[in-house]
Amino acid sequence: MMEISSNKNINNIYENQSFLDCDKYSNFLFNNGKSRPLMLSCETINVCNNKCIICTNNVENYNKHIMSMNLFEKILGDYSDLGGGELSLTPRTGEILLDSFLIDRIKLINKYKLITGVSFTTNATLAMKYNDDVLDFIVNSLEVMHISVYGLNEKEHSLLTSRNTYLDMIEAIKKIIKLSNEKKRLFLGFRSLEYYDDFDISSWMKNNLGVELPYGKTHNYVKWPAHYKKNVRLPMGGKWLTERNNTSVCFMPLTTPIIHSDGSLYWCPCGAGFGDQQHYLGNLKHDSLTRLYNSNKIKKLWDEREDIPNVCKRCAYHCSIDEIGKCLFIFDNPKHFVVA
């Protein structure tokens, strides 16, 4: 990305955000006089092989989409026009390994030299449908593969996913580990209903995978609108996160603007999950990423003088902008903030 030493003659959507040092981080926040995010997420498919109790995919009715290659290539071009950078292919509600165009998409990304650090999150189970050569290409084309591990035993896995694929998941993860030429590219995200300490997680990895990998863990989850409507309760020791009373702008959208499989661009996936129109910026089918990301609407969302959206006020994922000093690594390594 082009380094810029001054904010003069820049369309600065962050100018009314005093906790963001635009001069110090100008080479990350701007390109050719336009504002940009630290990274971009592009959901190419919103269909999933699991029906997780913690996900809106299980309780919400919405149109299923697989992004066309024409739209995907337009997005790659638009992102390159903004300077490119790190790209996540993680769906908001879906499984990336179900995308029948995945190989073609990775090959196309490789033609856009300004787009780097490709990553995605997967539940891994479908890795078994790929032969070794194809899966080797997928895994080793990524900078980070985040694998969601649903449950530490068969019962917990089934309760979480509504599937009896626990052993398939383990075999798929082992296959990915075997093919990865750099184990540091793999990160496990343990999703459970019971609480497990680090010793439990370490023992599970040794006993089931034969190797320990970097990981995160949780048994607490965000309760989405559809969960409220259907009064969904989590079994075993699973817990819904308590809604909060936030008043400040959240800094997560620096790393999490997401393009849905139908081309819709949202400031943050949390707002998208709640169907919040304040977070909706437009559609890439009909508009450019540069224009939508430099609009007055998004400038207002970053403005500390404005009231934050209602969704942000109660969001359990909220990261207050006045605490960004604790997470300055996001400027150099935004994808690790997203999967932390």
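# Exercises on a predicted model

The largest nonpolar core has 86 residues, and Tyr-14, Leu-29, Leu-89, Trp-204, Leu-254 and Trp-302 have the most contacts inside it. Such a core is a set of buried Ala, Val, Leu, Ile, Met, Phe, Trp, Tyr and Cys residues joined through side-chain atoms within 4.5 Å. Helix 6 (residues 166–179) gives the most to this core, with 8 residues.

The model is predicted: local features need pLDDT of at least 70, side-chain atom pairs count only at pLDDT 80 or more, and totals for chains, interfaces and linings use all residues. Residues are numbered from 1 along each chain as its sequence is written, and side-chain values use heavy atoms, with hydrogens and water left out.

**Exercise 1.** Find which residues Trp-302 touches, not counting residues up to four places away in sequence.

*Solution.*
- Contact means heavy atoms within 4.5 Å.
- With residues up to four places away in sequence not counted, the partners of Trp-302 include Ile-13, Tyr-14, Asn-16 and Gln-17.
- Val-249, Cys-250, Phe-251, Pro-253 and Leu-254 are also among the partners of Trp-302, as are Trp-267, Tyr-293 and Ile-321.
- Apart from the 86-residue core lies another core, of 10 residues, among them Cys-52, Ile-53, Tyr-221 and Val-232.

**Exercise 2.** Compare the span of helix 6 with the expected one, and list its buried residues.

*Solution.*
- Helices (H or I, at least four residues) and strands (E, at least two) are DSSP runs, numbered from the N terminus.
- The expected span of a helix is 1.5 Å times one less than its number of residues.
- For the 14 residues of helix 6 this gives 20 Å, and the end C-alpha atoms are 20 Å apart, which agrees.
- Buried means under 20% relative accessible area, exposed over 50%, and partly exposed in between (1.4 Å probe, protein chains only).
- In helix 6, Tyr-166, Met-169, Ile-170, Ala-172, Ile-173, Lys-175, Ile-176, Ile-177 and Leu-179 are buried.
- These buried residues pack against helix 4 (132–141), strand 6 (144–150), helix 5 (154–161), strand 7 (186–191) and helix 7 (198–208).

**Exercise 3.** Decide whether Phe-199 is buried or exposed.

*Solution.*
- Phe-199 is found in helix 7.
- Its relative accessible area is 63%, so Phe-199 is exposed.
- Phe-199 and Val-134 are 65 residues apart in sequence and 35 Å apart in space, C-alpha to C-alpha.

**Exercise 4.** Describe the surroundings of Ser-320 and Ser-88.

*Solution.*
- Ser-320 sits in the loop between helix 12 (310–314) and helix 13 (334–339).
- Ser-320 is buried, because its relative accessible area is 13%.
- Ser-248 is 72 residues away from Ser-320 in sequence and 5.9 Å away in space, C-alpha to C-alpha.
- A polar contact is a pair of N or O atoms within 3.5 Å; within protein, one must be able to donate a hydrogen and the other to accept it, and residues adjacent in sequence count only if both atoms are side-chain atoms.
- The side chains of Ser-320 and Ser-248 make a polar contact of 2.6 Å.
- Not counting residues up to four places away in sequence, Ser-320 touches Ser-248, Val-249 and Phe-251.
- Ser-88 lies in strand 4 (residues 85–88), and its relative accessible area of 6% makes Ser-88 buried.
- The side chains of Ser-88 and Thr-90 are joined by a polar contact of 3.1 Å.
- Leaving aside neighbours within four places in sequence, Ser-88 is in contact with Met-39, Leu-40, Ser-41, Cys-42 and Ser-119.
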